[in-house]
Amino acid sequence: MTQEKIDRINELARKQKAEGLTEEEKQEQFVLRREYIESFKASLTAQLENTYILRPDGTKEKVTRKDENTSN
C-alpha cells in the first residue's frame, strides 16, 4: 500500500464527513479500504510467522495459528 493510496483514503474520509461522496467515490473508497485491510493482514501474518515465545526454562516455541476446530 503506497502513501498516495493512504492519503487518498484519508482525503475521501474527510470529504465524506464534510459534504458526502458520489457513488464513484464511495466505490473507490471501498476498494482502497479493502486493499489497506488486506495489506495490513498480510503484514501482521508475516510478522507472526516469525515470532517465537520464550518459555521460562529457556526453550523457544514458534507461534502457530490456532486450529479453528479446537475449543480452547
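This briefing describes the fold, the helices and the surface of one protein chain. The model is predicted, and it contains two helices and two strands, which follow the pattern α-α-β-β when read along the sequence. The radius of gyration is 19 Å, well over the 11 Å that the globule rule gives for 72 residues, so the protein is more spread out than a compact globule.

**Overall shape and contacts**

- Taken along the principal axes, the C-alpha atoms of the protein fill a box of roughly 60 × 30 × 15 Å.
- Among the contacts in the protein with a separation of 6 or more, 23% are between residues that lie 24 or more positions apart.
- Of the 72 residues of the protein, 8% count as buried.

**Helix α1**

- Helix α1 covers residues 3-18, and because a rise of 1.5 Å a residue predicts a span of 22 Å for its 16 residues, the 22 Å that separates its end C-alpha atoms agrees with that expectation.
- Just after α1, the backbone at Gly20 takes a positive phi of about 95°.

**Helix α2**

- Helix α2 comprises residues 23-49, and its 27 residues reach 39 Å from the first C-alpha to the last, which is close to the 39 Å expected at 1.5 Å a residue.
- Glu25, Gln29 and Leu32 are buried in α2, and the buried residues of this helix pack against α1.
- An α-helix has 3.6 residues a turn, so residues three or four places apart point the same way; this general point can be read alongside the positions of Glu25, Gln29 and Leu32, the residues that are buried in α2.

**Ser39 as a reference point**

- Ser39 lies in helix α2, and because its relative accessibility is 30%, Ser39 counts as partly exposed, given that the partly exposed class lies between the buried limit of under 20% and the exposed limit of over 50%.
- Ser39 and Lys60 are 21 residues apart along the chain, and their C-alpha atoms are separated by 28 Å.

**Surface and charge**

- The protein exposes about 6400 Å², and carbon and sulfur atoms supply 51% of that area.
- The protein carries 14 positive and 15 negative charges, and the mean positions of these two sets are 4 Å apart.

Terms used:
Residues are numbered from 1 along each chain as its sequence is written. This is a predicted model: local features need pLDDT of at least 70, side-chain atom pairs count only at pLDDT 80 or more; totals for chains, interfaces and linings use all residues. Side-chain values use heavy atoms; hydrogens and water are left out. Helices (H or I, at least four residues) and strands (E, at least two) are DSSP runs, numbered from the N terminus. The expected span of a helix is 1.5 Å times one less than its number of residues. Buried means under 20% relative accessible area, exposed over 50%, partly exposed in between (1.4 Å probe, protein chains only). The radius of gyration is taken over C-alpha atoms; the globule rule is 2.2 Å times the number of residues to the power 0.38. Contact means heavy atoms within 4.5 Å. Accessible areas come from the Shrake-Rupley method with a 1.4 Å probe; for residues, only the protein chains shown count as cover. Lys and Arg count as positive and Asp and Glu as negative; His and the chain ends are not counted. The place of a charge is taken as NZ of Lys, CZ of Arg, CG of Asp or CD of Glu.
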